[in-house]
Amino acid sequence: MRIILAPMEGLVDAPIRETLTAVGGIDRCVTEFIRVTQGMLPPRIFYKYAPELHNGCETQVGVPVAVQLLGSDPVQMGRHGAKAVELGATQVDINFGCPAKTVNKHKGGCVLMREPELMQQITEAVRAAVPAHVPVTAKMRLGYDDRSMGVACGQALEAAGASEVVVHARSKVDGYKPPAYWEDVARVREAVNAHVIANGEIWTVADYWRCREVSGCDDVMIGRGLIARPDLARRIRASQRKESVADMTWPEVVRLVEGYAVALQERLEDRFVTGRIKQWLNYLRGGYAEAQWLWPEARKIRDVAPMLACLRQPVPVTEAA
């Protein structure tokens, strides 16, 4: 009954992975995708997206991190899978789920679900290039134009040797709009022997159990729900034991954001750090009334120190409720 932190381009970076895995409940993470085109990427690019490679490919609290690749050239994808393992990757994941227009335009991500044969060739190439003891896994959606390609693509990935397939329960056209079609994830799970993991629209403990019931999947991947509620995985884990834990308070969340900011300042210029904090705060609005109350002021702030001061200010209980 694993809980996996989803990759989210431009947000779920190494500092967020460190922050959220330290809270507890997360069993595995996946990096933002490393874009593979024609040339061989230097090691520094792998380390940029997966600094955990320097730590046995784990976060500081020991949660494994898979290195994710995105591309459409089987040969190049195989070469980069082998390089990732050479640098220390303990799992190589392939992105067939990214819905971004710029990525799809250059034949990457979810657009490949129009071509299950190519998905199979890419996965076969990575599987052949990577040592047998290193899992090759994939993440996809239910389709590109509609939700009709999930089974065919899942079967192609299984035939290629993918040991696990994460299925985001929407098509590319669905984007991130609710609902999530967990029942279609169940159809993929029933059609393949590879381990299927459900992803999409898990915001609460109740959503988690409903997703498992409808999809039939033991494991789930959570993205936005864990950004909005950093303790969601910990609370799900307690519910699995038929226990309960206190919800994380807003002051506790602010301390997480402060630690995240410090870690970011070692990697980015302050103006970019503030942007990342705003991204996180925007998601936190869905989990905390305090974040919603602070948002109009915080969104206008450009520098890190005043941003953190804004988040620390007392929020009237009646206003935040």
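This is a short talk on the fold, the pockets and a few unusual residues of one predicted model.

Let's start with the whole chain. Its secondary structure comes to 15 helices and nine strands. The radius of gyration is 19 Å, close to the 20 Å that the globule rule gives for 321 residues, so the chain is as compact as a globular protein of that length. Along the principal axes, the C-alpha atoms fill a box of roughly 55 × 45 × 35 Å. Buried residues account for 56% of the 321. Now contacts. Take those between residues at least 6 apart in sequence: 69% of them join residues at least 24 apart.

On to the pockets. Rolling a probe the size of a water molecule over the atoms shows where empty space is left. The largest pocket holds about 520 Å³ of space. It has 30 lining residues, and the closest to the pocket centre are Pro 7, Met 8, Glu 9, Lys 139 and Tyr 176. Which elements each give at least two residues to that lining? Strand S9 (220-222), helix H9 (224-228) and helix H12 (270-284) each do. By class, the lining splits into 14 nonpolar, nine polar and seven charged residues.

The second largest pocket has a volume of about 260 Å³. Its lining has seven charged residues, four nonpolar and no polar. The charged part includes Glu 9, Asp 13, Glu 32, Arg 35 and Lys 48. Phe 33, Tyr 49, Leu 264 and Leu 268 also line this pocket. So do Arg 267 and Arg 276. Note Glu 9: it lines the second largest pocket, and it is among the residues closest to the centre of the largest one.

Next, Gln 68. It sits in strand S4, residues 65-70. Buried or exposed? Gln 68 counts as buried, because its relative accessibility is 1% and the cut-off for buried is under 20%. Leaving out residues up to four places away in sequence, Gln 68 touches a run from Val 30 through Thr 31, Glu 32 and Phe 33 to Ile 34. It also touches Asp 93, Ile 94 and Asn 95, plus Pro 7 and Lys 139. Two of those partners, Pro 7 and Lys 139, we met close to the centre of the largest pocket.

Now Ala 238, in helix H10, residues 232-240. Ala 238 is buried, at 0% relative accessible area. Beyond residues up to four places away, it touches Glu 243, Ser 244 and Val 245. Ala 238 and Ile 34 are 204 residues apart in sequence, and their C-alpha atoms are 34 Å apart in space.

Cysteines, quickly. How many disulfides does the structure hold? Zero. For Cys 110, the nearest cysteine sulfur is that of Cys 153, 8.4 Å away. Cys 110 is buried at 0% relative accessibility. Cys 310 is buried too, at 3%.

Last, the backbone. Most residues other than glycine have a negative phi, and most peptide bonds are trans. Here are some exceptions. Pro 178 and Pro 179 are joined by a cis peptide bond, with omega about 5°. Pro 179 lies in the loop between strand S7 (164-168) and helix H7 (182-191).

Glu 201 has a positive phi, about 65°. Its loop runs between strand S8 (195-199) and helix H8 (205-215). Glu 201 is buried, at 18%. Lys 242 also has a positive phi, near 60°. Lys 242 is in the loop between H10 and helix H11 (250-265). Unlike Glu 201, which is buried, Lys 242 is exposed, at 78% relative accessible area.

Methods: Residues are numbered from 1 along each chain as its sequence is written. This is a predicted model: local features need pLDDT of at least 70, side-chain atom pairs count only at pLDDT 80 or more; totals for chains, interfaces and linings use all residues. Side-chain values use heavy atoms; hydrogens and water are left out. On a 1 Å grid over the protein atoms alone, a cavity is a set of points where a 1.4 Å probe fits but cannot get out, and a pocket is an open set with protein on both sides within 12 Å along at least five of seven lines; lining residues have an atom within 4 Å of a point. Grid points are joined across faces, edges and corners, and a volume is the space filled by probe spheres set on the points. Helices (H or I, at least four residues) and strands (E, at least two) are DSSP runs, numbered from the N terminus. Buried means under 20% relative accessible area, exposed over 50%, partly exposed in between (1.4 Å probe, protein chains only). Contact means heavy atoms within 4.5 Å. A disulfide is a pair of cysteine sulfur atoms within 2.5 Å. The radius of gyration is taken over C-alpha atoms; the globule rule is 2.2 Å times the number of residues to the power 0.38.
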